[in-house]
Amino acid sequence: MIVFFLTLAFGWCGFYRFYKRQYVRGVLYLLTFGFFCIGWAVDVLCALSEMIAELKNPAAVRAPQAAPRSGSMTKADELQQYKRLLDEGAITKEEYERKKGELLDDPALRFLVCEYCGTRNAKDAAMCSACGAKLL
Ligand SMILES: [Zn+2]
């Protein structure tokens with residue numbers, strides 16, 4: 001919300017463009033008095049619509065890159081816990097990688113790759129289907 005008021009007050013010197021990290025345009029605004037007030041007006045409208053969007057849905061605006069599913073946050077937390085356990089030496093690298101694969105549901109980690117022949121086996125397989133080696 002503060003962005004809108006700052007744009008309203010300082011938009012003529014390119015505040016909004018600097019805020020958006022468009023530094024070249026910011027300087028241009030500064031030199032041309034907010035593109036002769038036109039750019040200033042556009043920025044104020046942009047900031048206004050952003051403010052309205054933020055008021056309507058604060059979470060979406062503040063964290064647009066956050067995963068939309070509510071369950072994924074706890075998955076990330078869980079993964080972080082496993083990472084901590086790994087760092088503390090409470091679990092092995094393999095256990096961590098497997099847990100990570102389960103949590104992230106990464107297709108590449110759904111398999112147990114045989115360390116002797118490289119064959120992909122089912123995740124819960126006890127031994128390699130190709131060479132019969134014991135799987136972790
Ligand atoms: Zn094998």
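User: Which element of the chain has the lowest mean pLDDT, and which the highest?

Analyst: Bear in mind that this is a predicted model, where local features need pLDDT of at least 70, side-chain atom pairs count only at pLDDT 80 or more, and totals for chains, interfaces and linings use all residues. pLDDT is the predictor's confidence in each residue, from 0 to 100, and the chain averages 76, with 71% of the residues scoring at least 70. Among the elements, the lowest mean, 58, belongs to helix 5 (residues 58-62), and the highest, 88, to strand 2 (residues 120-122).

User: How many helices and strands does the chain have?

Analyst: Helices (H or I, at least four residues) and strands (E, at least two) are DSSP runs, numbered from the N terminus. Residues, for their part, are numbered from 1 along each chain as its sequence is written. Along the sequence the pattern reads α-α-α-α-α-α-α-β-β. That makes seven helices and two strands.

User: What share of the 136 residues counts as buried?

Analyst: A residue is buried if 20 or more other C-beta atoms lie within 10 Å of its own, exposed if 12 or fewer, and partly exposed in between, with C-beta atoms placed from the backbone. Of the 136 residues of the chain, the buried share is 13%.

User: Why does E54 count as partly exposed?

Analyst: E54 sits in helix 4 (residues 38-56). Its C-alpha is 7.8 Å from that of M1, though the two are 53 residues apart in sequence. E54 counts as partly exposed because its C-beta neighbours inside 10 Å number 16.

User: What span does helix 7 reach from its first C-alpha to its last?

Analyst: Helix 7 (residues 93-104) has 12 residues. The expected span is 1.5 Å times one less than the number of residues, and here that gives 16 Å. Right after helix 7 comes D105, with a positive phi near 55°. The helix's own reach is close to the expected value, at 16 Å.

User: Which residues does V113 touch, not counting those up to four places away in sequence?

Analyst: V113 is part of strand 1 (residues 111-113), and it counts as partly exposed because it has 15 C-beta neighbours inside 10 Å. Touching here is contact, meaning C-beta atoms, placed from the backbone, within 7 Å. Leaving out residues up to four places away, V113 touches G118 and R120.

User: And which residues does A130 touch, with the same residues left out?

Analyst: A130 lies in the segment after strand 2. Its C-alpha and that of C117 are 7.7 Å apart, with their positions 13 residues apart in sequence. Not counting residues up to four places away, A130 touches C114, C117 and T119.

Note on methods. Two residues are in contact if their C-beta atoms, placed from the backbone, lie within 7 Å.
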